[in-house]
Every structure is written in C-alpha cells, then in structure tokens.
Amino acid sequence: MSDHEIVDSSFTAVINAPIEKIDIPKWCFTLPEHEYQRCSPAHIAAGFTTAPDGRRMSINVETIGGSLMVQHYVETLAEKDHLILESVSDIVTATGRTTINVLWELSVQRIDDQTCEFTNHVRSKATEEFKAFLDRQGIPFDIFRAERQPMSIAHNKGETPLFAASIERAALRN
C-alpha cells in the first residue's frame, strides 16, 4: 500500500448473460438515476456529461462513512468488457470539503456461453489537498485510512452484486 492509498477493494459477481450482450460503457453512461439508486442504499444521484476534453463522464453522488461524495468519473479506457474511470471526487464532511482521487475499474470475463464474471475494483488515494485537510484537523492519515477502509470495502462488497444484476438486465434487454 502506498503512502497515499486509502482503499484498494475488489469484488466479483456472476452475470447470467452472454459476454457478447454486455456493454459496460453503454451501461455506465446511460444508467438511469433510479437504477443507480437500486444498486446501493448509499447511492443518491447519478448522471452523465462530458469532461472539458470531450471524454464521457459519469457523475455519481453517494454517502460512504457519513461523508457525501460527488464523483466525476472520466473514462480512460472504454471497451465493451472493460471500463476504467478516474475521478477527483469531492468529499463533503461536517468539518469541510476536500478531494480524493478514485480509480474505478469494471470488467467482465467469459465463464461460458451464458455467464460471465463481473469485477468491481475501486482504488482511492489521498490528494495533497486531502492530506492537508486531515493535518489541519490533527488527524493522522494512518488513523483515517484504518477507519475508512472497512466502510469503503463494505460499500463495494454490497454494490458489486447489484451492479452485476443491473448490467445483466441491460444486457438481456438488448
């Protein structure tokens, strides 16, 4: 784990649809808000737009560990079976607002003709702004990381099978 890494969490779930019918970028960048909310009780809102350079961006709003997060996920790799998104995410806490870097990677691998394994991999790292935010409050980074990891990991574990089910529904509609 690097000095700035907060969480590195990965979970898998089965999708009961042929890999040929799955299109993760299409799912991500057309995900209706109610479907996003269906994937976790912590999910508040979702939308999509474009970054200043024209790349697609998914906007997600959720709460993790009592902090409101606004994630601005910009595509860095978009293949039907593999999507990598990067965000400088806003975190709003009772003591102020700051940012963290989040890398969100979604992928599927063929199991057989009718099933795939979905992987939801989330990594977050502290920005310099975030480390200064903790320093101003006298919170050691290692203490913050130790307290944040279980909440973030539980969130990812809970949303992974629900994301898989949502991707499956989208694949079977096509």
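This presentation describes the strands, the long-range features of one helix, and the cavities and pockets of a single structure.

Good morning, colleagues. The model before you is predicted, and the values I shall quote were computed from it.

I begin with three strands. Strand β5 covers residues 82-93 and strand β6 covers residues 96-112. These two strands pair in the antiparallel sense, and 12 bridges hold the pairing. To place one contact in this ladder, please find Leu85: its bridge partner in β6 is Trp104. Between β5 and β6 there are 2 residues, and the two strands form a hairpin.

On to the next strand, β7, which spans residues 115-126. It runs antiparallel to β6, and 12 bridges join them. Here Glu105 may serve as a marker, as its bridge partner in β7 is His121. β6 and β7 also form a hairpin, with 2 residues between them. Strand β6 is thus paired with β5 and with β7.

Let me now turn to helix α4, which occupies residues 141-173. How far does α4 reach from its first C-alpha to its last? The helix has 33 residues and reaches 45 Å, close to the 48 Å expected at 1.5 Å a residue. There is a bend in α4 of about 30° at Arg148. A proline, Pro150, follows within four residues of that position.

Another residue of helix α4 is Met151. Is Met151 buried or exposed? It is partly exposed, because its relative accessible area is 35%, and the partly exposed class lies between the limits of 20% and 50%. Taking Ser124 as a reference point, Met151 is 27 residues away in sequence and 13 Å away in space, from C-alpha to C-alpha.

I come next to the enclosed spaces. How many cavities of 30 Å³ or more does a search of the whole structure find? The search finds 2.

The largest cavity holds about 250 Å³ of space. Its lining consists of 22 residues, and those nearest its centre are Glu62, Ile64, Gln71, Tyr73 and Val122. Several elements supply at least two lining residues each: β1 (5-15), β3 (56-64), β4 (67-79), β6, β7 and α4. Which element gives the most to this lining? That element is α4, with 6 residues. By class, the lining of the largest cavity comprises 11 nonpolar, 8 polar and 3 charged residues.

The second largest cavity has a volume of about 50 Å³. Cys28, Leu31, Tyr36, Ala46, Gly47, Phe48, Ser58, Asn60 and Trp104 line it. Two elements, β2 (43-50) and β3, give two or more residues to this lining. With 3 residues, β2 gives the most. The lining of the second largest cavity divides into 6 nonpolar and 3 polar residues, with no charged residue. Trp104, which I mentioned as the bridge partner of Leu85, is thus also among the residues lining the second largest cavity.

Finally, I consider the pockets. The largest pocket contains about 290 Å³ of space. It is lined by 18 residues, and the closest to its centre are Gly65, Ser67, Thr93, Phe144 and Arg148. Arg148 is also the residue at which α4 bends. The elements that supply at least two residues each to the lining of the largest pocket are β5, α3 (128-137) and α4. Of these, α4 gives the most, with 5 residues. The classes in this lining are 9 nonpolar, 7 polar and 2 charged.

The second largest pocket has a volume of about 180 Å³. Among its 15 lining residues, Lys26, Trp27, Thr30, Ala170 and Arg173 lie nearest the centre. At least two residues each come from α1 (24-28) and from α4. Which element provides the largest share of this lining? Again it is α4, with 5 residues. The lining of the second largest pocket has 7 nonpolar, 3 polar and 5 charged residues.

To close, I would draw your attention once more to helix α4. It gives the most residues to the lining of the largest cavity and to that of the largest pocket, and the largest share of the lining of the second largest pocket comes from α4 as well. In the second largest cavity, by contrast, the element that gives the most is β2. Thank you for your attention.

Notes. Residues are numbered from 1 along each chain as its sequence is written. This is a predicted model: local features need pLDDT of at least 70, side-chain atom pairs count only at pLDDT 80 or more; totals for chains, interfaces and linings use all residues. Side-chain values use heavy atoms; hydrogens and water are left out. Two strands pair if DSSP finds at least two bridges between them. On a 1 Å grid over the protein atoms alone, a cavity is a set of points where a 1.4 Å probe fits but cannot get out, and a pocket is an open set with protein on both sides within 12 Å along at least five of seven lines; lining residues have an atom within 4 Å of a point. Grid points are joined across faces, edges and corners, and a volume is the space filled by probe spheres set on the points. Ala, Val, Leu, Ile, Met, Phe, Trp, Tyr, Cys and Pro count as nonpolar, Asp, Glu, Lys and Arg as charged, and the others, Gly among them, as polar. The expected span of a helix is 1.5 Å times one less than its number of residues. The bend at a residue is the angle between axes fitted to the seven residues ending there and the seven starting there. Buried means under 20% relative accessible area, exposed over 50%, partly exposed in between (1.4 Å probe, protein chains only).
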